[in-house]
Amino acid sequence: MADDYLVRIGKLIRDARQHRGWTQSQLAEALGTSQSAVNRIERGNQNISLEMIARIGEALDSEIVSLGYAGPMHLRVVGGRRLSGAIDVKTSKNACVALLCASLLNEGRTVLRRVARIEEVYRLLEVLGSIGVRTRWINDGVDLEIVPSAELNLEAIDADAARRTRSIIMFLGPLLHRMDSFKLPYAGGCDLGTRTIEPHMIALRRFGLDIAATEGQYHAQVDRGVSPDRPIVLTERGDTVTENALLAAARHDGITVIRNASSNYMVQDLCFFLETLGVKVDGIGTTTLTVHGVPTIDVDVDYSPSEDPVEAMSLVAAAVVTESELTVRRVPIEFLEIELAVLEEMGLDHDRTPEYFADNGRTRLVDLTVRPSKLEAPIDKIHPMPFPGLNIDNVPFFAAIAAVAQGQSLIHDWVYDNRAIYLTDLNRLGGRLQLLDPHRVLVEGPTRWRAAEMMCPPALRPAVVVLLAMMAAEGTSVLRNVYVINRGYEELAERLNSVGAQIETFRDI
């Protein structure tokens, strides 16, 4: 095997071992070999047979260690098929990653129910495991147990995993209560243009956190003599900014008022979770949050994050673009009301069940049935706003929806520097999208989709939009390197196949 191939195999084995929570010595014992041999394998310094790869996969109970997983994952899509039946919405990606970060506040055992098994979660679990937090999947891999250690070892942090997720930025709020100085790798994630962390810094300075960014790391120092003496006004009503401020306030011994706070779905889920930890939060669902912090949190908690409204919108868009009748179950309706109002104006035929509660007892759900409809382009532009406006992450789905509507639609994605550019990838599939500037796209419909082979856009939602268009296009399309989709969706291809799609996953060997 080529040296680079051995290194890739070694990294896969190391990641699988860390997911299992094993040391190199434990894996060596299971294989009947030495710890030094395992070390060489993981560093790519030892030839390894297919038989040994299979034995390692069996020992770690991980299909990720197999020949077929040596390269990036691709999707082969046979389009032009109608969807039918019903599909459930999974738990929220953005809520789950926030709750993983929030678990660092708790010295007790945290159990999160039905956690999304996605790459973003896996990266955070790798980071948590590397610094000493014990995590394991329980109840047949459905739920996640988290037990922080008394001491965290930030020097051992898995920098590669940390740089592949922007969520690492939300470690700042909890960690400032646990150590006086620490370092974190720069945040990564989707390629969405320049995204400053200055709003985070403005909020966290009020808790004594000072950050110097050099050499690919955030160098943090905490001044214990500093605490908020007046309300914190966020300069950006961002979700992760609000979450970071909440995480910092949760263990601040006193009352913290956060103004211009996001009231979006993942922020509400975080507030509900903090309440299970004993932290009182007033104003949930509004732009002013009052946090009654407690300096020590040591409780065993069990919490169920609610369903993902962006995934729900993805599934609704899949039905619209493929002209299908599909029931999307467990839709968090509070966070899709504006989107549905826009779709109704465009002519969408749909109905919904009476509301019922999610497993957290707080979030309102419905089952939504979408039917084939003759859509007209909306009169007004489609643009996002902070909640309760149209969700920023749902804007890209309207590119595919507008492409099947009659007329011209203007989409103004003002938040990100270059996400709108990726939407023009739909032109490879027969779309007629004109980029007016880095934030505005003019969509001409209706579209006669055609199959194509193309690389996956490097941003999560535009990548899914391309997949949906491929599902609508007659013929066979190929979408290459879909890691970014796996960051935010659990088994999306398999679940779409369950309602009539024909999507095959494959890898280059």
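# A walk through the predicted model

Start by selecting helix 14, residues 395-403: this helix lies across strand 18, strand 19 and strand 20 and runs at about 25 degrees to strand 20. Keep in mind along the way that you are looking at a predicted model.

**Stop 1: the sheet under helix 14**

Now add the strands that helix 14 crosses. They make up an open sheet of three strands, ordered 18-20-19, with antiparallel pairing. At the edges you will find strand 18 (407-412) and strand 19 (432-437), each of which pairs on one side only. If you fit axes to neighbouring strands here, they turn by 20 degrees against each other on average, with direction ignored.

Zoom in on strand 19 and strand 20, the latter covering residues 440-445. Five bridges hold this antiparallel pair. To pick out one partnership, select Leu433 and look across to strand 20, where Val443 is its bridge partner.

While you are at this end of strand 20, step on to the peptide bond between Gly445 and Pro446. Is it cis or trans? It is cis, with omega about 0 degrees. Pro446 itself sits in the loop that leads from strand 20 to strand 21 (453-455).

**Stop 2: a second cis proline**

Next, go to the loop between strand 17 (364-371) and helix 14, where Pro388 lies. The bond joining Phe387 to Pro388 is also a cis peptide, and here omega is about 15 degrees.

**Stop 3: a buried glutamate**

Select Glu339, which belongs to helix 13 (residues 337-346). Which side chain of opposite charge is nearest to Glu339, and how far away is it? It is Arg352, at 10 Å. Glu339 is buried and has no salt bridge. What its side chain does have is a polar contact with the side chain of Asn394, at 2.9 Å.

Show the surroundings of Glu339 next. Beyond its neighbours within four places in sequence, its contacts are Met313, Leu390, Asn391, Asn394 and Phe398. Phe398 takes you back to helix 14, the helix of residues 395-403 where the tour began.

**Stop 4: a four-stranded sheet with mixed pairing**

Move on to the open sheet of four strands whose order is 9-10-12-11; its pairing is mixed. Strand 9 (232-233) and strand 11 (280-282) are the edge strands, each pairing on one side only.

Look at strand 9 beside strand 10, residues 255-259. The two run parallel and are joined by two bridges. Highlight Ile232 and you will see Ile258 of strand 10 standing opposite.

Then bring in helix 10, residues 239-250. This helix lies across strand 10 and strand 12 (288-292), and runs at about 25 degrees to strand 12.

**Stop 5: strand 1 and its two partners**

Select strand 1, residues 73-79. Why can this strand be called largely enclosed by the rest of the structure? Because five of its seven residues are buried.

Strand 1 has pairings to inspect with strand 23 and with strand 22. With strand 23 (residues 502-507) the pairing is antiparallel over six bridges, and Leu75 has Thr505 as its bridge partner there. With strand 22 (residues 475-480) the pairing is again antiparallel, over five bridges; here Val77 stands opposite Ser477.

Stay a moment on Thr505, in strand 23. Thr505 has a relative accessible area of 35%, so it counts as partly exposed. Leaving out residues up to four places away in sequence, Thr505 touches Met73, His74, Leu75 and Ala493. For a sense of scale, draw a distance from the C-alpha atom of Thr505 to that of Val301: they are 204 residues apart along the chain and separated by 37 Å.

**Stop 6: two positive phi angles**

Finish with a pair of backbone checks. Asn139 sits in the loop between strand 4 (134-138) and strand 5 (143-147). Its phi is near 55 degrees, a positive value in a residue other than glycine. With 45% relative accessibility, Asn139 is partly exposed.

Your last selection is Glu323, in the loop between helix 12 (309-321) and strand 14 (326-332). Although Glu323 is not a glycine, it has a positive phi of about 55 degrees. Its relative accessible area is 46%, so Glu323 counts as partly exposed.

Methods. Residues are numbered from 1 along each chain as its sequence is written. This is a predicted model: local features need pLDDT of at least 70, side-chain atom pairs count only at pLDDT 80 or more; totals for chains, interfaces and linings use all residues. Side-chain values use heavy atoms; hydrogens and water are left out. Two strands pair if DSSP finds at least two bridges between them. Axes are lines fitted to C-alpha atoms, for helices over the stretch in contact, and angles run from 0 to 180 degrees between N-to-C directions. Contact means heavy atoms within 4.5 Å. Buried means under 20% relative accessible area, exposed over 50%, partly exposed in between (1.4 Å probe, protein chains only). Lys and Arg count as positive and Asp and Glu as negative; His and the chain ends are not counted. A salt bridge is a side-chain nitrogen of Lys or Arg within 4 Å of a carboxyl oxygen of Asp or Glu. A polar contact is a pair of N or O atoms within 3.5 Å; within protein, one must be able to donate a hydrogen and the other to accept it, and residues adjacent in sequence count only if both atoms are side-chain atoms.
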